[in-house]
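These are my notebook entries from a session spent looking things up in one structure. I wrote each entry as I went, beginning with a single residue and working outwards.

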Amino acid sequence: MAIASIVLAILAVGVLIIFHEAGHYFAAKWSGMRVSRFSIGFGPVIYKTGTRGETEFVVSLIPFGGYVAIDGMNPEDGTPHDDPAGYHAKPFFAKFGTILAGPVANYILAFLLFFGFFAFFYVEQMPPIRVTDIKAESAAAQAGLEEGDILIGTQDGPFEAFDDVRAVIQASEGEPIAFSVRREGETQMIQVQPEPVGGGYLIGIHYEGIETRSRPLGVVKGASVAAQKVVLATKNAFMGLAGLVTGQVGLGAVDGPIGIVKQLSDTAQRSAPGTLVMVAGLSVALGFFNLLPLPALDGGRLMFLLFAAVRRKPIEQRLESYIHVAGFLLLLGLILVVSVGDVFE
């Protein structure tokens, strides 16, 4: 891997973390909370970029994420309970919005990156799309698809872009798809039922675009496709998680920080604009992952807030803090295990 592409990959991951934490930071500031530190990474501080107002901006030793230290969120930080700028003194919606803002920032970044790629850089590979190979005994073979068939679209309409085929298959969630197929000059509908494989879906074909049109989609269509890609990336993240939970996908298939940097570096060497798409997908994954209702994650904190609101009584802050610390240590351990697998892959 070229050094420049590795550096670019690391910077891209850093941008995802910065956007996430910036979401928390600005929401906290808008809610009147005092933010004492904005850190990229965890652990000992290795570099200080300086203080802006009341906030210290730093880079820390352990590069697995980051944090925004809001006064009053940690019961051990010494913030007086009656401090009006403390997290604990703010109403439910201010707290909820501040925690939610991190994942939302990642989703906004993902949309902007997808939009930038499809509106201004996308090389549109247009239908017709030709089937070049069919795996024996696959869903496509059983349905009657043949090599040389031209895929025009589905029962919902024609394909507008080359990767619509994959998108339709993944979005089907295993339900039958009626493909519009041209064979020897005649058009027919062939119904194929995708097979679940590794948290996603396949029908067992390879295909190619017959003609290519190098043209960005433009602002309006680019925005529409970007929104669709955000939704699809969220569905893929959910299916990947479901595969892990059900055992269909092993832990070895999960990339840690090192594996992600490797993939980004490889993509950057092939196509700089294409890197936008991968970073956008990672931004969705980061936002989705942080919304999971697990200790130490934003989703876990949101669940504590909702639980306290339902019972109309705040949860003992020190107990919640201990639970999040335990969850963080477990999460850090998992990241280290996956990272070791990345190194020896």
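Entry one. Does Asp83 count as buried or exposed, and what is its relative accessibility? Before answering I noted that I am working with a predicted model, so that every value below is computed from that model. I found that Asp83 counts as buried, because its relative accessibility is 13% and the cut-off for buried is under 20%. I then looked up where the residue sits, and Asp83 turned out to be in the loop between β2 (55-70) and α2 (92-121). A polar atom of the side chain of Asp83 lies 2.9 Å from the backbone nitrogen of Ala85. When I left aside the neighbours within four places in sequence, I found Asp83 in contact with Arg34, His88 and Ala89.

Entry two. I next looked up Thr49, which has its place in strand β1 (residues 35-52). Thr49 counts as partly exposed, because its relative accessibility is 39%, and partly exposed covers the range between under 20% and over 50%. Not counting residues up to four places away in sequence, Thr49 touches Phe57 and Val58. I also checked Val59, which is ten residues from Thr49 along the chain, and the C-alpha atoms of the two are separated by 7.8 Å.

Entry three. I turned to a pair of strands and asked in which sense β6 and β7 pair. Strand β6 (residues 177-183) and strand β7 (residues 186-192) pair in the antiparallel sense, and I noted seven bridges for them. In this pairing Ala178 stands opposite Gln191 in β7. The hairpin of β6 and β7 has two residues between the strands, and there Glu184 takes a positive phi near 50 degrees.

Entry four. From Ala178 I followed a link to Asp156, which is 22 residues away in sequence and 8.6 Å away in space, C-alpha to C-alpha. Asp156 has its place in the loop between β4 (150-154) and β5. Asp156 is exposed, because its relative accessible area is 71% and the cut-off for exposed is over 50%.

Entry five. I then looked at the second largest pocket and asked how many residues line it. The lining has 28 residues, and those nearest the centre of the pocket are Phe159, Asp164, Ala167, Val168 and Gln228. I recorded about 620 Å³ of space in this pocket. At least two residues of the lining come from each of β5 (157-158), α4 (164-171) and α5 (219-246), and α5 gives the most, with eight residues. By kind, the lining of the second largest pocket divides into 14 nonpolar, six polar and eight charged residues.

Entry six. As α4 had come up in the lining, I looked up its residues and found Val165, Ala167, Ile169 and Gln170 buried in α4. Ala167 is also among the residues that lie nearest the centre of the second largest pocket. Just after α4, Glu173 takes a positive phi of about 55 degrees.

Entry seven. I ended with the protein as a whole, for which I noted nine helices and ten strands. Of the 345 residues in the protein, 42% are buried. Among the contacts with a separation of 6 or more, 66% are between residues 24 or more positions apart.

Notes. Residues are numbered from 1 along each chain as its sequence is written. This is a predicted model: local features need pLDDT of at least 70, side-chain atom pairs count only at pLDDT 80 or more; totals for chains, interfaces and linings use all residues. Side-chain values use heavy atoms; hydrogens and water are left out. On a 1 Å grid over the protein atoms alone, a cavity is a set of points where a 1.4 Å probe fits but cannot get out, and a pocket is an open set with protein on both sides within 12 Å along at least five of seven lines; lining residues have an atom within 4 Å of a point. Grid points are joined across faces, edges and corners, and a volume is the space filled by probe spheres set on the points. Helices (H or I, at least four residues) and strands (E, at least two) are DSSP runs, numbered from the N terminus. Ala, Val, Leu, Ile, Met, Phe, Trp, Tyr, Cys and Pro count as nonpolar, Asp, Glu, Lys and Arg as charged, and the others, Gly among them, as polar. Buried means under 20% relative accessible area, exposed over 50%, partly exposed in between (1.4 Å probe, protein chains only). A polar contact is a pair of N or O atoms within 3.5 Å; within protein, one must be able to donate a hydrogen and the other to accept it, and residues adjacent in sequence count only if both atoms are side-chain atoms. Contact means heavy atoms within 4.5 Å. Two strands pair if DSSP finds at least two bridges between them.
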